Amino acid sequence: MSRLGTMLLVLVLVSLFFLHLFGQKGKPITVVMIPKIKGIDYFNACERGAKEAAKELGNVQLIYEGPTEASVERQVEMIEAWLIRKPDVIAVACNDPTAIAPALKKALQAGIKVITYDADARRDARLFFVNQATYEDIAHALVDTMAKEAGPDAPVAVVTSSFTAPNQTEWLKRMKSYMAKKYPKMRLLTVKPSEESMELALRVTTDILRAYRDVQGVFGISSVAFPGAAEAVLQAGKAGKVAVVGLSTPKTMKPYVHKGVVKTVILWNPVDLGYLTIYAARALCDGTLKKGVRHLQAGRLGKKVVRDDEVLLGPPMFFTKKNIDRYDF
Amino acid sequence: MVTRSLFLIIVWLLLVAFFSALTPGYLTVNNLLGMTRHLTEVGIMSIGMTLLLIAGTIDLSVASQLALASIVLGWTYRWGCPIELSIVLALMTGMTMGSLNGLFVAFLRFPAVVVTLATMALFRGLAMGLTGGAKVSGFPDGLIQFGQGQIFFIPYPLFLFGAIALLAGFALHRTVWGRYLFAIGAGETAARFSGVPVNGIRFSLFVLSGLCSGLASVVYVARFNTAKADAAMAAEMDVITAALLGGTPLTGGTGTLLGTIVGLLLLSSLRRGLDLMVVGTEQQAVIIGAILIVAVAAGQVSVSFRRLLPLKRGKEPEGVL
């Protein structure tokens, strides 16, 4: 009898030890997910993926709430409100990397695990960033697609959002160096800003088509520059003659793909981004996602690469005439 | 007016009780004081706004002034000014913008809504144009500590707000200048004929409002460690809402700073409470809008009700309707 007692005691001690070791492993957790802005197709798609993952895991309670305008002030206010209720994880798509940092640091100090997705904060203000696509991946995909559609020696132009927009600047830098390396004959004629206005993108592209009669391809590297450039090429009657390649949502670009102006739309899948973010949150609480880990097992997405403090969604997605109708973001 | 403020305080206490019952952690000193942090800039600007409204005028450009003042603060600091000088320059920028509004409204007699609607676009546009959307951060630790820190759970910016509120309260209720505001708001022509320097007082109000925006910009920069052109986007709505909730009518002539402060408390408690109950941001806007309508309607009803009674206490407050 006493032997059984000892064994039980040992068993209890061992299991306590393991419980301690694994911390929150498998325990139900609450994840607060804050998008940049609520109610737009892109983040609705993220939300859908996040809900799917939470349902699949079964032990994640997901709270999804964000500002109705892309305001960092409101995001900070929400994060500080959550300090009172102390969820296990806060996942934010940041409207401003610096302005949001103090609030995120407060959350970290309060013992909340903070991750970012879609748009990062300063690195010391969060544990991991779920990165939808590296700058290299996007830049390479853009240039490779252009080489395929307009030829590796085509004279091309770029319509960007603004010269200070961080994403666009980084992409452009890498596009240029990749072009020089892989397609040395591809000529970059000009780079024009279009701010956040489709109308301006339409105008500058029309100007480009007039000024550079030999241009064979136009990159639109923001979600408004791309449809603006496509519209300009369509109106100039150069559909099929001048290739338009860029980044935007399939929903926006659908008409241009069907009219034959655009062959390929490049983006990542925001549904998968939301899905991966929840898996990262779960793994962070389970202790399977931590510094030095190289991979993350993420449900239907399989094994995902973890590089330093970033979880990578992987290569971008290509939307063409064949598959574009299946997506509603 | 005192009874109205009392009524609002009771409403606020009920609100806090309601949220405390539903949300653990709501009724803590930390939470109740911590949530004021998010309305400090709005609060500072709403003090200037209350004074303007009492005198029967309005400034829609306050949030744009904050943005442009923050840009001046940020860029002069980046160019090597000591932070104290940058702060003074931001305050001066605020007062300059206020003077511009004041010049048009007080001396050239343009309608305040039109002028400040125009300068709202102008100041914001200037801030955007000057910076091209770029931001400045990396401010000194002392400033950030001021924006982020607290003593006994009291956020530092709250002290600044308190000081401004006390000064304004004194000026409004204890000085001739303050009496003039009520006189102008109640009836400009009468005030003019009584020898009130209407133009000068109006001008001074806009300069003060600009100064409030400048001070608010310092708090903003300290709180977010960022100076940027889209700072405090559309915050003028919250500023005006707080003053209206507090019982200062758009038509002028009456109003208290206490009312505005309770209005601010109502707004911040509501927002924090609804955030914690995970009420969507869209629904929150509806709820706050509905409360504003009820608050204004309550004010109207009490005035109409008083009108039905035999007028024993002399004249009713003018310009409330």
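Hi everyone, let's start with Arg109 of chain B, which counts as exposed because it has 9 C-beta neighbours inside 10 Å, and the cut-off for exposed is 12 or fewer. Before I go on, please keep in mind that this is a predicted model.

So where does Arg109(B) sit? You'll find Arg109(B) in the loop of chain B that links helix H5, residues 83–107, to helix H6, residues 112–131. Have a look at its backbone, too: phi is positive, at about 60°, even though Arg109(B) is not a glycine.

There's another residue in chain B to look at here, Ala232(B). Its phi is also positive, near 50°, and again this is a residue other than glycine. Ala232(B) lies in the loop between strand S4, residues 226–227, and helix H12, residues 235–245. Is Ala232(B) buried or exposed? Ala232(B) counts as buried, because 27 C-beta neighbours fall inside 10 Å, and 20 or more is enough for that label.

Now over to a place where the two chains meet. Helix H3 of chain A, residues 72–85, packs with helix H13 of chain B, residues 257–276, at an angle of about 65°, and their axes are 9 Å apart. The crossing of H3(A) past H13(B) is right-handed.

Which residues are involved? From H3(A) we have Glu77(A), Met78(A), Ala81(A), Ile84(A) and Arg85(A). They meet Arg271(B), Arg272(B), Asp275(B) and Leu276(B) in H13(B). Sorted by class, this contact has five charged residues, four nonpolar ones and no polar ones.

That's my tour, thanks for listening!

Technical notes: Residues are numbered from 1 along each chain as its sequence is written. Chains are lettered from A and ligands numbered from 1 in the order in which they are written. This is a predicted model: local features need pLDDT of at least 70, side-chain atom pairs count only at pLDDT 80 or more; totals for chains, interfaces and linings use all residues. Axes are lines fitted to C-alpha atoms, for helices over the stretch in contact, and angles run from 0 to 180 degrees between N-to-C directions. Helices (H or I, at least four residues) and strands (E, at least two) are DSSP runs, numbered from the N terminus. A crossing is left-handed if the near helix is turned anticlockwise from the far one by less than a right angle, and right-handed if clockwise. Two residues are in contact if their C-beta atoms, placed from the backbone, lie within 7 Å. Ala, Val, Leu, Ile, Met, Phe, Trp, Tyr, Cys and Pro count as nonpolar, Asp, Glu, Lys and Arg as charged, and the others, Gly among them, as polar.
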